[in-house]
Every structure is written in structure tokens, then in C-alpha cells.
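Welcome to this short tour. Please open the structure in your viewer and keep the selection tool ready.

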Amino acid sequence: MKPVILDVDTGLDDACALLLAARHPELDLKAVTCVGGNVGLDDVVVNTLTVLEAAGRSDVPVAAGAAVPLLQPVRAAPHVHGADGLGNLDWPRSTRTAGAGHAVDLLRDVLRAAAASGELVTLIPLAPMTNIALLLRTYPDVAAGLREIVFMGGAAGIGNATASAEFNIWTDPEAAAIALNAAAELGVPVTMYGLDVFYDVEISLDQARSLGGSPSAELARKLIEKRSELYQSDGASIGDGGAVCAVIEPAGLTTQSFPLRVELSGTWSRGRTIVDTRDWSADLSSDPHGPSSTVVQVATAVDGARYADLWLSTVK
Ligand code: RIB
Ligand code: CA
């Protein structure tokens, strides 16, 4: 089994990711950490616990982390996720509470245990990277427990929160820059599952309506129905869930290695992930900025049908 940790701002599509990670037989979900993002931290925690309960995985440790980004106020996305972050679904909310410790402490403890055992963990951030930046700069030794980081965020092409920037990076650009630079310095391999592939793992309403018979399947159906309604379409992407698919079946994802920087200052471009796809050496050598030493595997294409099948067959 592959040990994984999810860092989430649940979120309808984080919920799709959580169901998959909690139910897939080849994943060992060691912990889930929460951060303010799509909704405020308190709602993120309740939503996360609610989804894990539906998946029959109330055993998974959950911790609350950063409520606000490093430098700017939190910016929610109720137009994408509803006011409560879970589409105001008719679904019983968990009454469980998160663990007493901070998310960064839970991440540290799990990763140090992984380093000691040799069973390295894949970290899957699906949210603003505030917790991850704090973790890697406070406890850089945890890199020894990390196999890789596969994060949802950014884009080589267009954004969503702005024309330039994807929501997770735009919400806390400093954290994204710190986390990605730290990972590069610490030698942790990073894959960016960005908007270039994010929308391509789609579940049709017909497929969603075939789900049922267990709390996990019922919730999965409702999540897709709600996302379809919000997007006014007859199907919806599993969004963040695709990043978990990429960990389970990496062969379904095409990636290319590119230098990357996070834009921290542009009026119209703050939060953009600048993916350097240039290959003419004369341009590169005369660039006054010099090459970025932060190099990541950028997802450029995904086998959407394969990942849709993987998700459907797991959550049912
Ligand atoms: O921009 C995509 C991100 O925003 C995802 O993490 C998802 O949660 C959505 O709200
Ligand atoms: Ca998310």
C-alpha cells in the first residue's frame, strides 16, 4: 500500500478526492490536514470529518492548521462550493472533532515516523499551501519521510480565480513559493496537477446517478450532481480527485519537467505559476532573471476516461 496524506480545504472536489483516498485499497491514508481556503477553517474541518465518516474512515487522524494565508486575508469560493463548502447538501454533518494538535505537528509526526520506518509518504496538497510552507521551513528534516509531493494548484495556461492565477496559489502565493522552493532545496520530487488537466476527469450525470447503496456512493452521487448544477452542465469534473488518481495510477498522467516560479507581485498576475517551457538556449542564457532552480513535473495531459473509471469503481 502507498502511504499518503491529504492537505485539504474541503470543498466539493476535495470531497471527491477524500472519498477516493479513503476507499482505495492500495492507499494507506495516514492523516488529513485542513487549511482555510474554499471556506473558513472551521467549515473545512467539519466537511472533512463528514466525508471521512461517509467513507467509513473515522479512524483517520484529522488536524486543523492555518486559518488564514501568510500575508493576506482568506478568500473563499462560495460560488464554486456553496456557502458551507459542501454545496449545502442535504447530508448529516459530522459531530466528531479534529485532533487537538496543529496540522503542522501532525504532518511532522507522521513524516518523522515514515522516515524512521522507511515507508515514505506521498503528500497531496489540494488547497492553499500555507500548512506545507510552514511545515517545510519549520521542520525541514521531514523531507526524509517524503516520497514526493503531488499537488493540485497552478496552471501553465489560464487561471480560474483570475485570468492568470489558479485559486489555491492565488489564495496564498507566498506559501506556494516557499513550499515549492523548499521542496526543491530539500530534494523532494514535486508534480503539479494544475488546471491544464484539472477539468479533464469528468463524471457524467448518468454515471453519477448509477452510484448508490452505501453512504460513500450516495455522497459521491450528490457531489457530482451538485457540481453539475453549479457549473450548469450534465456532468462534472472530480477536480482535486484527479490528483489522487495520479498517485494511484501515475501512468494515466503525462508530465514534463519545467522550471517554475510563483508570481508574487503583479497586479493582474499575482499568484500565477510561471512555467518556463522555453527551449532556445540563447533566450535562456540571456534572460536577466536566470533559470529558476525550482523544477517540477508539470501535468500536461491526463487520461480522463481512465481516471473517471478509477474514481467511479472505488467510490461505489
Ligand atoms: O482551483 C482549483 C481548486 O479550487 C481546487 O483545489 C478546488 O478545491 C477548487 O476550489
Ligand atoms: Ca481544494
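Start by selecting Ala31, which sits in strand E2 (residues 27-34). Keep in mind as you go that this is a predicted model. Is Ala31 buried or exposed? Its relative accessible area is 1%, and anything under 20% counts as buried, so Ala31 is buried.

Now show what surrounds Ala31. Leaving aside neighbours within four places in sequence, Ala31 is in contact with Val4, Ile5, Leu6, Val60, Pro61, Leu106 and Val110. Pick Ile5 from that group: Ile5 and Ala31 are 26 residues apart along the chain, yet their C-alpha atoms are separated by 5.1 Å.

Next, go to Ala113, whose place is in helix H4. With a relative accessible area of 46%, Ala113 is partly exposed. Try drawing a line from the C-alpha of Ala113 to that of Asn88. These two residues are 25 apart in sequence, and the line spans 38 Å in space.

Stay with helix H4 (residues 103-117) and colour helix H5 as well. At what angle do H4 and H5 pack? The angle is about 55°, and the axes of the two helices are 9 Å apart. An angle from 35 to 65 degrees counts as oblique, so H4 and H5 are oblique to each other. Turn the view until one helix lies in front of the other, and you can follow H4 as it passes H5 in a right-handed crossing.

To see the contact itself, show the side chains on both helices. From H4, select Ala103, Val104, Leu107, Arg108 and Leu111; these meet Asn131, Ile132, Leu134 and Leu135 in H5. Sorted by class, this contact has seven nonpolar residues, one polar and one charged.

The last stop is the calcium ion (ligand 2). Which residues supply its protein donors? Select Asp9, Asp14, Leu126 and Asp240. Asp14 is listed with two OD donors, while Leu126 gives its O atom, and the donors lie 2.3 to 2.6 Å from the ion. Along the chain, the donors follow the spacing D-x4-D-x111-L-x113-D. Within this set, Asp14 and Leu126 link distant parts of the chain, being 112 residues apart. Asp14 belongs to helix H1 (residues 12-23), and Leu126 to the loop between strand E4 (121-125) and helix H5 (130-138).

Finally, check how accessible this pair is. Asp14 has 0% relative accessibility and so counts as buried. Leu126, at 1% relative accessibility, also counts as buried.

Notes:
Residues numbered from 1 in each chain as written. Chains lettered and ligands numbered in written order. Predicted model: local features only at pLDDT ≥ 70, side-chain atom pairs only at ≥ 80, totals over all residues. Heavy atoms only, no water. Donors = N, O, S within 2.8 Å, 3.2 Å for Na, K, Ca; no water. Helix = DSSP H or I, 4+ residues; strand = E, 2+ residues; numbered from the N terminus. Buried < 20%, exposed > 50% of the residue type's maximum accessible area, 1.4 Å probe, protein only. Axes fitted to C-alpha atoms, helices over the stretch in contact; angles between N-to-C directions. Parallel < 35°, antiparallel > 145°, perpendicular 65-115°, else oblique. Left-handed = near helix turned anticlockwise from the far one by under 90°. Contact = heavy atoms within 4.5 Å. Nonpolar A, V, L, I, M, F, W, Y, C, P; charged D, E, K, R; others polar.
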